[in-house]
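Let's practise reading a protein model together. Open the structure, keep the sequence beside it, and try each exercise before you look at the solution.

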Amino acid sequence: MSSPAQRPIRQTDGVVNPLRDPRDKRLPRVAPPCMLILFGVTGDLARKKLLPAIYDLANRGLLPPGFSLVGFARRDWENQDFRAVAFEAVKEHARTPFREDVWEQLCAGMHFVQGELDDPAAFDRLAETVKELDRTRGAGGNYAFYLSIPPKLFPVATEQLQRSGLAQRHNGGWRRVVIEKPFGHDLASAVELNNLLHKVFPEESIFRIDHYLGKETVQNILALRFANTLFEPVWNRSYVDHVQITMAEDIGIGGRAGYYDGIGAARDVIQNHLLQLMALTAMEEPTSFDAQAVRMEKAKVLSSVRLPDDLDLATARGQYAAGWQGGVKVQGYLEEEGIPSNSTTETYSAIKLGIDSRRWAGVPFYLRTGKRLCRRVTEVAVMFQRAPHLPFSETDTEELGQNALVIRVQPDEGVTVRFGSKVPGTSMEVRDVNMDFAYGESFTEASPEAYERLLLDVLIGDPPLFPRQEEVELSWTILDPIEAHWAKQGKPEQYPAGGYGPQSADELMARDGRQWRRL
C-alpha cells in the first residue's frame, strides 16, 4: 500500500481531499463548508473591501460551492437589493475579472436580514435564516460572524448572538467572530473589550483583524529574513544603525471625523500597524510558522520595548494645516467638517523606541505616521552602520549614504537594497545605487488583497496573522504613557498639507545625528 505522501492528490467539488499530503504545496488551501454572517454590510468597508474579497476568493476557487453570505443591517432591503449592491461593489472593486458563472453561484447563497442590533426579533429571524441555509446549502454548522460595526456596538451584538443561540456550537461545527481595530482606545478599554468577547467566544475563536498583516510584503518580512542566509547574519546591533518604520498618507481624514477626532494618528496606526511591523522586523526566528510560535516571538519583542526617559525629546506630533496637495488647495484638519476648532487630536506622530534584547540593545526604532503628507508610502527601512574605515578621500564619498534594506509595503510592493558603487570613469568616485525587487515584475500572479488572505484564514481557522490579546495589551502598554504625556501638552504643531510633517519630527532625528528617509 502506498504511503500518504504517495497517494494521488485529488480535489472534488472545490474541497481539498482529506487524503492530501499537507506538505504538498501544489494545491491551494480551500475553505471548508461554512457561512459568513456580515454585520454592517452597508458600510464602506463591506462595499470596498469585504464583498469584493469574497468574490475574488470564489473566483479563485477557494470557497466551497455551497458557501453562504448573510448580510445584516438596518436597511429595508430584500435579498435582491442586497445582491444588487454586492454586484455593484464587485464590479467596481474586485481584483479578479468578472465571471458570470462564479457570480451566479455566489449569488445563490447570498441572503439579507433587516434589523437593528438591539432587536431580539431581528436576531431570531437571522437565526432562522442561518439555520435554513445551513440545512439547504450544507454549511456543516460552521459560522463566522464579521462585526464590521463601531466598537461601541460590540456589547449588544455579542449579547444578541449569545441570546439567539447563534454563537453556540452544534454537531461539531465551529463559531468564529471577527472584529476590526481599534481594539479599545487604551489598555483598560482593550481589557474590557476582551472580557466582553470572552463571555461568548473562546480566545481561539476570536480573530482580531489588522489588515496590514495580510499584505504580501508584510508576510515577506519573515521570508526575507528566515528563508535567506544573506540577511540574518547582519540583522542585529553589530551591523544595524537604526530602523525606520513609516506609514505616510497623502489624504486627510475624509468623512471619518466622528471616528478620528479624539483617536489620532498614534492610536489609529502606531498602536497596531506599526508596532506589529516592528515586532515582525525585530523578532527572533520562530520554531515554526504556526500561530503560537509566531505570536510568542512577537510578544517577546513587544514586552522588551523600552520607552525613552524624556518623551519630549523622543516623540513628536503634529496637525495638518491648509496647503497644496497634488496641485489642489486643501483645508486644514481644524477646518474639516465635524472637527472642533479647538481639537488637539494629532494627525502626525513619531516616536523613538528601544528594544532591550541581546540582538537590538542600543539600536533605536523610529516609527512615524501622518496624514496629508507629500505622498503615500508604507515601508520598513533597516539602516546599516557606515563602514568603519573608508579608504577614499572625503570628496570621493561626500554623497555616499548608509547601506539600507527597504521593504516597501505599499504602494509599489517590493524590496530595495541601497549600496555604494563606483561611478564609471578613471577616478575612484563612489555613489549610492539601488537594487530593486518588485512583486509586479517578478511574479505573473498579482498579489491578493489583504482581506482575501485574512478572510480565507478566518474560514480555514489559521490565526498566525491575527494579533492575540496579549499583543494588543502589550501595544497599549507602550503607547499609553506617550498618550498621557501628550494629553498634558497644548495643541500639536501645525504642518502644511503636502509637506513632510512637523519640524519637531525632524528635530527628533537630528538630535541623534540622523534624518528621516525622504518620502
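**Exercise 1.** Find the loop that holds Arg 372, then decide: is Arg 372 buried or exposed?

*Solution.* Begin with the position in this predicted model. Arg 372 sits in the loop between strand 15 (365-370) and strand 16 (377-384). Next, look at the accessible area: Arg 372 has a relative value of 15%. Buried means under 20%, so Arg 372 counts as buried. Finally, check the backbone. Most residues other than glycine have a negative phi. Arg 372 is not a glycine, yet its phi is positive, at about 55 degrees.

**Exercise 2.** Which residues are joined by cis peptide bonds at Pro 182 and Pro 411, and where do these prolines lie?

*Solution.* Keep in mind that most peptide bonds are trans. Step one: Lys 181 and Pro 182 are linked by a cis bond with omega at about 5 degrees. Pro 182 belongs to the loop between strand 7 and helix 6. Step two: Gln 410 and Pro 411 are also linked by a cis bond, with omega at about 0 degrees. Pro 411 belongs to the loop between strand 17 (404-410) and strand 18 (414-422).

**Exercise 3.** Work out the strand order of the open sheet formed by six strands, and say which strands stand at the edges.

*Solution.* Follow the sheet from one side to the other: the order is 5-4-3-6-7-8, with parallel pairing. Strand 5 and strand 8 (206-209) each have a single partner strand, so they are the edges, and one side of each has no neighbour in the sheet. On average, neighbouring strands here are turned by 20 degrees against each other, direction ignored.

Now go through some of the pairs:

- Strand 4 (residues 68-73) runs parallel to strand 5 and is joined to it by five bridges. Here Val 70 has His 111 of strand 5 as its bridge partner.
- Strand 3 (residues 35-39) pairs in parallel with strand 6 (residues 143-147) over five bridges. Ile 37 stands opposite Phe 145 of strand 6.
- Strand 6 also pairs in parallel with strand 7, again over five bridges. Tyr 146 stands opposite Val 178 of strand 7.

**Exercise 4.** Why is strand 5 largely enclosed, and which residues cover the two faces of strand 6?

*Solution.* Take strand 5 (residues 110-114): four of its five residues are buried, so the rest of the structure largely encloses this strand. Helix 2 (residues 79-93) lies across strand 4 and strand 5, at about 120 degrees to strand 5.

Then turn to strand 6, where five of the five residues are buried. In a regular strand the side chains alternate between the two faces of the sheet. Sort the residues of strand 6 accordingly: Tyr 143, Phe 145 and Leu 147 are on one side, Ala 144 and Tyr 146 on the other, and all are buried. Helix 13 (residues 450-460) lies across strand 3, strand 6, strand 7 (175-180) and strand 8, at about 150 degrees to strand 7.

**Exercise 5.** How are helix 5 and helix 6 arranged, and how are helix 7 and helix 9 arranged?

*Solution.* Two packed helices are described by the angle between their axes and the distance between the axes.

For the first pair, the axes of helix 5 (residues 154-163) and helix 6 (residues 187-198) come within 10 Å and cross at roughly 15 degrees. Angles under 35 degrees count as roughly parallel, so helix 5 and helix 6 fit that description. The crossing of helix 5 and helix 6 is left-handed. Phe 154, Pro 155 and Thr 158 of helix 5 meet Leu 193, Leu 196 and Leu 197 of helix 6. Sorted by class, this contact has five nonpolar residues, one polar and no charged ones.

For the second pair, the axes of helix 7 (residues 216-226) and helix 9 (residues 264-282) come within 9 Å and cross at roughly 10 degrees. Helix 7 and helix 9 are therefore roughly parallel too. Helix 7 contributes Val 218, Ile 221, Leu 222 and Arg 225, and helix 9 contributes Leu 277, Leu 280, Thr 281 and Ala 282. By class, this contact has six nonpolar residues, one polar and one charged.

Terms used: Residues are numbered from 1 along each chain as its sequence is written. This is a predicted model: local features need pLDDT of at least 70, side-chain atom pairs count only at pLDDT 80 or more; totals for chains, interfaces and linings use all residues. Side-chain values use heavy atoms; hydrogens and water are left out. Buried means under 20% relative accessible area, exposed over 50%, partly exposed in between (1.4 Å probe, protein chains only). Two strands pair if DSSP finds at least two bridges between them. Axes are lines fitted to C-alpha atoms, for helices over the stretch in contact, and angles run from 0 to 180 degrees between N-to-C directions. Contact means heavy atoms within 4.5 Å. Angles under 35 degrees count as roughly parallel, over 145 as roughly antiparallel, 65 to 115 as roughly perpendicular and the rest as oblique. A crossing is left-handed if the near helix is turned anticlockwise from the far one by less than a right angle, and right-handed if clockwise. Ala, Val, Leu, Ile, Met, Phe, Trp, Tyr, Cys and Pro count as nonpolar, Asp, Glu, Lys and Arg as charged, and the others, Gly among them, as polar.
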